[in-house]
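Welcome! Please take a look at the model below, and then follow this short tour of it.

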Amino acid sequence: MELPPSHHSATRAAALAACYLSYRRGSPGRGLALRAVRSGRRQDIDGVGHKYYLEMVLEDVLDKDSTVKCTAEVLHHLGNKNIAPDVQFTIEGELKNTDEADNIFYNRIKSLEKELVAENIPDNHGNTSPEMEPIRLLAWVASGYVIWQNSTENTKFQLAQIKHVKQVKRSDEYLEFDYMILLHEMVSQEIIPWQMTVLWHPQHGVQVTRESRQPNMHWNNEPPDTTMEEAQMLQ
């Protein structure tokens with residue numbers, strides 16, 4: 001069944017595919033987001049689920065003039081919400097190289113005398129300091145995994161804010177961060193706190209080793225705080 005690009009089912013499936021793609025191809029130097037859905041089609045597979053065929057345009061979170069076309073297939077399984085959707089994608093063209101930016105960030109964090117700690121990124125005005133952009137993009141990429149694992153046909157998630165992030169000291173080559181993030185579920189308009197532990201290395205990509213939904217507490221449907229504590233970083 002053909003779906004108009006603006007149909008809610010198409011946009012939800014496309015948003016999920018974009019999150020998955022950002023998780024697979026993103027880094028502290030690159031976050032990808034859905035810019036537009038060009039076409040959508042849904043196939044009802046008896047006894048299996050609903051499969052979406054999508055043509056999309058993605059944009060770089062930091063450089064919205066940098067776009068890439070891609071096609072994706074998203075399969076939502078019937079009945080079992082514990083099974084993550086199957087996502088396959090093909091990118092048309094090349095993503096810009098972020099090796100230099102990734103290595104600069106990696107070496108900067110490795111050289112810190114104290115583990116990084118920061119809160120409220122971005123702040124209530126939507127501002128993120130240049131030093132915190134890689135931390136935000138790493139959360140954006142890692143949240144793509146969380147969104148992929150916890151999405152259904154009736155949800156549409158997006159990272160709203162990092163409430164708290166703390167670097168975890170390690171003796172190996174990886175960087176590790178514990179994040180408390182807020183996810184915006186756009187269908188219900190719920191703001192959901194989520195904990196995730198993230199490993200990253202420039203040569204090995206992003207891994208989310210632990211993730212769990214947290215009690216809503218006072219964050220539900222409230223705006224983010226207005227202050228941001230910058231990380232302790234070497235100049």
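## How aromatic rings pair

Two rings of Phe, Tyr or Trp (for Trp, its six-membered ring) form a pair here if their centres lie within 6.5 Å. Planes under 30 degrees apart count as stacked, planes over 60 as edge-to-face, and the rest as tilted. The structure you see is a predicted model, and by this rule the count comes to 8 aromatic pairs.

One of these pairs is Y20 with F89: the ring centres are 6.0 Å apart and the planes stand at 70 degrees, so the pair is edge-to-face. This pair links distant parts of the chain, since Y20 belongs to helix α1 (residues 8–25) and F89 to strand β5 (residues 86–92), 69 residues apart. Are these two residues buried or exposed? Both Y20 and F89 are buried.

Another pair joins F177 and Y179, with 6.2 Å from centre to centre and 45 degrees between the planes, which makes the pair tilted. F177 has a relative accessibility of 0% and therefore counts as buried. Y179 counts as buried too, because its relative accessibility is 1%.

## A cluster of rings and a ring with a charge

Which residues join Y20 in one aromatic cluster? They are Y23, F89, Y145 and W148. You have already met the link between Y20 in α1 and F89 in strand β5, and the next section returns to Y23, Y145 and W148.

A ring can also have a charge for company. The charged end of R41 sits over the ring of Y53, at 4.2 Å from the ring centre.

## Where two helices cross

Helix α1 meets helix α3 (residues 133–150): their axes come within 7 Å and cross at roughly 130 degrees. That angle makes α1 oblique to α3, because it falls neither in the range of 65 to 115 degrees nor over 145. The crossing of α1 and α3 is left-handed.

Which residues meet at this crossing? From α1 come L16, C19, Y20, S22 and Y23, and from α3 come W140, V141, G144, Y145, I147 and W148. Four of the names here, Y20, Y23, Y145 and W148, also belong to the aromatic cluster.

Helix α3 also holds S143, which is buried because its relative accessible area is 2%. Leaving out neighbours within four places in sequence, S143 is in contact with L159, I181, L183 and M196.

## Backbone details worth a look

Try finding the peptide bond from I121 to P122: this bond is cis, with omega near -5 degrees. P122 is found in the loop between β6 (117–121) and α3.

In strand β6 itself you will find N120. Phi of N120 is near 55 degrees, a positive value in a residue other than glycine. N120 counts as buried because its relative accessibility is 4%.

Q189 also has a positive phi without being glycine, near 65 degrees. Its place is in the loop between β8 (175–185) and β9 (190–201). Is Q189 buried or partly exposed? With a relative accessible area of 42%, Q189 is partly exposed.

## Two residues in strands

C70 has its place in strand β4 (residues 67–77), and C70 is buried because its relative accessible area is 1%. How far from C70 is M56, C-alpha to C-alpha? The two C-alpha atoms are separated by 5.4 Å, although C70 and M56 are 14 residues apart along the chain. Not counting residues up to four places away in sequence, C70 touches L21, L54, E55, M56, L58, T90, I91 and E92.

I45 is placed in strand β2 (residues 32–45). I45 counts as partly exposed because its relative accessibility is 26%, and beyond its neighbours within four places in sequence I45 is in contact with K51 and L75. I45 and T197 are 152 residues apart in sequence, and in space their C-alpha atoms are 35 Å apart.

Technical notes. Residues are numbered from 1 along each chain as its sequence is written. This is a predicted model: local features need pLDDT of at least 70, side-chain atom pairs count only at pLDDT 80 or more; totals for chains, interfaces and linings use all residues. Side-chain values use heavy atoms; hydrogens and water are left out. Helices (H or I, at least four residues) and strands (E, at least two) are DSSP runs, numbered from the N terminus. Buried means under 20% relative accessible area, exposed over 50%, partly exposed in between (1.4 Å probe, protein chains only). A charge sits over a ring if NZ of Lys or CZ of Arg is within 6 Å of the ring centre and within 35 degrees of the ring normal. Axes are lines fitted to C-alpha atoms, for helices over the stretch in contact, and angles run from 0 to 180 degrees between N-to-C directions. Angles under 35 degrees count as roughly parallel, over 145 as roughly antiparallel, 65 to 115 as roughly perpendicular and the rest as oblique. A crossing is left-handed if the near helix is turned anticlockwise from the far one by less than a right angle, and right-handed if clockwise. Contact means heavy atoms within 4.5 Å.
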